[in-house]
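Grab your viewer and work through a few exercises on this one. Each has a task and then a solution in steps.

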Amino acid sequence: MSYVITPPAPVSVPVVGSKDRFPVNRIYCVGRNYVEHAKEMGFTGREAPFFFIKPADTCLVLEAGQTGTLHYPSLTKDFHHEIELVACIGTGGKNIKAADAKKHIYGYAVGLDMTRRDLQGEQKKLGRPWCIGKTFDEAAPIGPITPAAQAGDVENAEIYVQVNGQDRQRSTVSKLIWNIGEIIEHLSTAWELRPGDLIYTGTPEGVAAVVPGDTLSGGVAGLEPITLKVV
Ligand code: MN
């Protein structure tokens, strides 16, 4: 078979300790999943989980040890970092119980849910979808994936991001309102999870703007850290 136009190249993420790569299918993101972040966004922190999706080709894939280049996006004057633990689905399924969720996870990575906060805020006020605030080229930086067996206790790991060496966000994954098993249980009732799906699990408090020239460095204890320069 041939195509009438050139098909897009598949998106894939490096895997720690392997020459083989992890192919990306969908990217699911969880909104307001740490109490202190929900509060800073003007909410109480007590609500059912909700989700939005970024296309796979919004991944900005970082190779091990690489300083990535993140292009400041168009239309915004308030470009925010959200550091997040990313759960990477190896085995798909529908209606997965929280207690069984771990069996579906191939591994974990450090990601950033980059956000055009001013555009997101305008859409919220208008009662419109957040699409333009959350989805744009390079909106989903991600570092190398560590297989689950080697990732340690990610659910109790420290999570942080620094800008130009100064702490912006620092918390622990144990403060998730909905833990990873519960996220997968909720998600898999709404969508059939597929191998290659990424789940950005939410961000702790401290979201703030970056500008061209800034260097972002983020991590989750036990996983490969990421470094990005905004240009
Ligand atoms: Mn987020």
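The exercises below deal with a predicted model, and they go from the metal site to cavities, rings and backbone angles.

**Exercise 1: the metal site**

Task: Find which residues coordinate the manganese ion, and work out where glutamate 82 and aspartate 113 sit in the chain.

Solution:
- Start at the ion. Manganese is coordinated at 2.1 Å by Glu82 (OE), Glu84 (OE) and Asp113 (OD).
- Write the donors as a spacing pattern, and you get E-x1-E-x28-D.
- Now place two of them. Glutamate 82 belongs to the loop between strand S7 (79-81) and strand S8 (83-89), while aspartate 113 is in the loop between strand S9 (105-112) and strand S10 (115-116). With their positions 31 residues apart in sequence, the pair links distant parts of the chain.
- Check the burial: glutamate 82 and aspartate 113 are both buried.

**Exercise 2: the cavities**

Task: Say how many cavities of 30 Å³ or more there are, and describe what lines the largest cavity and the second largest cavity.

Solution:
- The count comes to 2 cavities of 30 Å³ or more.
- Take the largest cavity first, at about 110 Å³. It has 17 lining residues, and those closest to its centre are Gly31, Arg32, His37, Glu82 and Lys134.
- Sort that lining by class: 4 nonpolar, 6 polar and 7 charged residues. Helix H2 (residues 117-126) gives the most to it, with 3 residues.
- Then turn to the second largest cavity, at about 30 Å³. Its lining is Gly31, Arg32, Asn33, Glu47, Ala48, Pro49, Phe50, Ile177 and Trp178.
- By class, that second lining splits into 5 nonpolar, 2 polar and 2 charged residues.
- Keep an eye on arginine 32, which also lies over the face of phenylalanine 43, at 3.5 Å from the ring centre.

**Exercise 3: the aromatic rings**

Task: Count the aromatic pairs in the whole structure, then follow the pairs that phenylalanine 79 makes with tyrosine 72 and phenylalanine 136.

Solution:
- A search of the whole structure turns up 7 aromatic pairs.
- Look at tyrosine 72 and phenylalanine 79: the ring centres are 5.2 Å apart and the planes are at 75 degrees, so this pair is edge-to-face.
- Compare their accessibility. Tyrosine 72 is partly exposed, at 24% relative accessible area, whereas phenylalanine 79 is buried, at 0%.
- Step on to the next ring. Phenylalanine 79 also pairs edge-to-face with phenylalanine 136, at 5.9 Å centre to centre and 65 degrees between the planes.
- Phenylalanine 79 is in strand S7 and phenylalanine 136 is in the loop between helix H3 (131-134) and strand S11 (140-142), so this pair ties together parts that are 57 residues apart in sequence.
- Phenylalanine 136 has 8% relative accessibility, so it counts as buried, the cut-off being under 20%.
- Finally, ring pairs also link Tyr28, Phe51 and Trp191 into a cluster.

**Exercise 4: positive phi**

Task: Work out where asparagine 95 and asparagine 164 lie, and whether each is exposed or partly exposed.

Solution:
- Recall the background: most residues other than glycine have a negative phi.
- Asparagine 95 has a positive phi of about 50 degrees. It is in the loop between S8 and S9, and with a relative accessible area of 51% it is exposed.
- Asparagine 164 also has a positive phi, near 50 degrees. Its place is the loop between strand S13 (158-163) and strand S14 (166-172), and at 45% relative accessible area it is partly exposed.

Definitions and conventions:
Residues numbered from 1 in each chain as written. Predicted model: local features only at pLDDT ≥ 70, side-chain atom pairs only at ≥ 80, totals over all residues. Heavy atoms only, no water. 1 Å grid on protein atoms, 1.4 Å probe; cavity = no way out; pocket = protein on both sides within 12 Å on 5 of 7 lines; lining within 4 Å. Points joined across faces, edges and corners; volume = space filled by probe spheres on them. Helix = DSSP H or I, 4+ residues; strand = E, 2+ residues; numbered from the N terminus. Nonpolar A, V, L, I, M, F, W, Y, C, P; charged D, E, K, R; others polar. Donors = N, O, S within 2.8 Å, 3.2 Å for Na, K, Ca; no water. Buried < 20%, exposed > 50% of the residue type's maximum accessible area, 1.4 Å probe, protein only. Phe/Tyr/Trp six-rings, centres within 6.5 Å; stacked < 30°, edge-to-face > 60°. Lys NZ or Arg CZ within 6 Å of the ring centre and 35° of its normal.
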